[in-house]
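Reader: I would like to learn how to read the salt bridges in a model. Please start from the general idea and then go to the case at hand.

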Amino acid sequence: MGALDWLLGSARNIGNRELAWTSRPSDDELNPVLYSGTSGVVLALLEGQQHFRDDRYGDAAVRGARSIAAAVEDWELSSLYFGLAGMALALRAVHDVLGDATAGDAAERAWDRVRSRFDGTRWGVQFELLGGNAGIALGALAAGDVELALLAVTPYLRTAEPTSHGVHWETRVGRPARLHHISHGTLGIAYALASVGRAADRADLVELAAAGALDVVARNEADPTGFLVPHSDPQDQPERIERYSYGWCHGPAGDAQVFRLLRDVLGDAAWSALTDRCWNTVTRSGLPQRLRPGFWDNSGRCCGTSGVLALACDRQIENGDGLDFANVLVADLMSRATVDAEGARWSNVEHRTTPSTLEPQTGWAMGNAGIVPELLRFVRASTGGDPAYVIHWPDHHAAEATGH
């Protein structure tokens, strides 16, 4: 509850009816988006309201939805994590969980604006999950709009670039590097193609998803029991980006989510084996220890410990073998938290700057809003409660017990 209470304390009041959040408490600019702002916070508050049955969090979620709704008309980006699709996801969640009709109406306005901005191929320079078509497709699918989801993924059929083992895509206009993982690369596109293909009964989309995944599989540089693929080829921004990562965004913790989906869509045990290899690499990598400067300096959902915890809970639900490592991850999160009268929050580290300890963030990617749902899910998964998220995340394949 301390992490949720810190979020409440860091909110900005707009009049008497609205709440909004900035990415960091010291920022001045209000941020409505899913990745780092109010939309992600609202989803975390809904998780808290349902878990604790505490109406403070529900009331704050409704007030947060009002500020998101007020930003819809002027927000220029359309994507899931940085734009209107993610804002619509949060608004619809407030409608579905708390029965707020105004939030539901605002979600429809946001989707209307997204539809109107499609240029026939894309919504902007990004062309992947976080900022482009793949994420919009997944958001549309979560909203029940299969037609829009198909519109978003169909361009991938004609823009796919054949490789020796499958296909990949240019994921940002003018970027020479081809990125491989779920956030900005081939696997994020594959996740959207497989999800929409299954929903629309489109075998061609599922086949293209598999081809994209196979291109990434062919790049594995771990031993046959593991899975570790570079960030990109040629390496994007080598002066600042690590060649290998282990978290959700650019590493095997996220890769495994795609392989879990393909396992269930295609019914092929080879994808299950790849999921196991991702798990082996993550658990043997040394995380969450900081083995060297820059190795594991993040507690967040996108790049850090909480994204790995999501996979550990999936493993516990599906295979019964994730709890021991989940306990290690949670102990690390508890040890790194700052806890005082204001609540609990986490400071990530940037070893290349002085001081290296960064200001705590509020949002899903790097802050409390991404950490809270994973801790609450862990509690339920480890104590016999319902391990499902209150709000199904569009790019996280739902875990189901398999009778282990």
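Author: The turns below deal with salt bridges and the residues that form them. The model is predicted, so local features need pLDDT of at least 70 and side-chain atom pairs count only at pLDDT 80 or more, while totals for chains, interfaces and linings use all residues. Residues are numbered from 1 along each chain as its sequence is written, and side-chain values use heavy atoms, with hydrogens and water left out.

Reader: What is a salt bridge, and how many are there by this rule?

Author: Side chains of opposite charge can pair when their charged atoms come close. The rule asks for a side-chain nitrogen of Lys or Arg within 4 Å of a carboxyl oxygen of Asp or Glu. It gives 31 salt bridges here.

Reader: Where do Arg 92 and Glu 108 lie?

Author: Arg 92 and Glu 108 form a salt bridge, with 3.2 Å between the closest N and O atoms. Arg 92 is in helix α4 (residues 84-98) and Glu 108 in helix α5 (residues 101-116), 16 residues apart. Helices are DSSP runs of H or I with at least four residues, strands are runs of E with at least two, and both are numbered from the N terminus.

Reader: Is Arg 315 buried or exposed?

Author: Buried means under 20% relative accessible area, exposed over 50%, and partly exposed in between (1.4 Å probe, protein chains only). Arg 315 has 5% relative accessibility, so Arg 315 counts as buried. Its salt-bridge partner is Asp 321, with the closest N and O atoms 2.7 Å apart. Asp 321, at 35%, is partly exposed.

Reader: Which residues are linked in a network of salt bridges?

Author: Arg 260, Arg 263, Asp 264, Asp 314, Glu 318 and Arg 377 are.
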